[in-house]
Amino acid sequence: MLLTLDLNDARPLHEQVAGAIRRAIGEGSYRPGERLPPARDLAQVLGINPNTVLRALRDLRDEGLLEFRRGRGVSVAGRADGRALLAQRARELLEEARKYGYGREDLITILEELP
């Protein structure tokens, strides 16, 4: 899994990590039952604290996307449903809109104007 973080992104690192993993699951890079690399390895590759990665993994577990099994590590419980993937992309779009001075209502108006 190739994860990257945007250090200019205002979102907390654990949300960025969770979003990247959620996207990888939604796009099929990881299939149900497949194990993820250990949190320590992910943290080292990303250059962040392992606790940050663990927090992201716990969030995804709480969403039902990951399973934690003692002695077996973390594995994918199921595919991200379309709604979860769209919600993640909408959050990213909202953050991008804020960089240009647009708020949530402005973004909704733009979406409503689309054909």
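The expected span of a helix is taken as 1.5 Å times one less than its number of residues, and this yardstick can be applied to helix α1 of the predicted model shown above. Helix α1 covers residues 13-26, and its 14 residues should therefore span 20 Å at 1.5 Å a residue, a value with which the 20 Å between its end C-alpha atoms agrees.

The setting of this helix is a protein chain with 5 helices and 2 strands, which follow one another along the sequence in the pattern α-α-α-β-β-α-α. Along its principal axes, the C-alpha trace of the protein chain spans about 50 × 30 × 20 Å, and of its 115 residues 34% are buried.

Returning to α1, one finds that 11 of its 14 residues are buried, so the helix is largely enclosed by the rest of the structure. The buried positions are H14, Q16, V17, A18, G19, A20, I21, R22, A24, I25 and G26, a list that includes the charged residue R22. Just after the helix, G28 takes a positive phi of about 90°.

At the other end of the numbering of helices, α5 covers residues 104-113 and contains E113. This glutamate is exposed, because its relative accessible area of 61% lies over the 50% cut-off for that class. On the surface, E113 gathers with E105, D106 and E112 in a patch of negative charge. The two helices can thus be read side by side: α1 is largely enclosed by the rest of the structure, whereas E113 in α5 belongs to a charged patch on the surface.

Notes
Residues numbered from 1 in each chain as written. Predicted model: local features only at pLDDT ≥ 70, side-chain atom pairs only at ≥ 80, totals over all residues. Heavy atoms only, no water. Patch = residues over 30% accessible without salt bridge, like charges linked within 9 Å, V, L, I, M, F, W, Y side chains within 5 Å. Areas by Shrake-Rupley, 256 points an atom, 1.4 Å probe, with all protein chains shown as cover. Salt bridge = Lys/Arg side-chain N within 4 Å of Asp/Glu carboxyl O. Charge placed at Lys NZ, Arg CZ, Asp CG, Glu CD. Helix = DSSP H or I, 4+ residues; strand = E, 2+ residues; numbered from the N terminus. Buried < 20%, exposed > 50% of the residue type's maximum accessible area, 1.4 Å probe, protein only.
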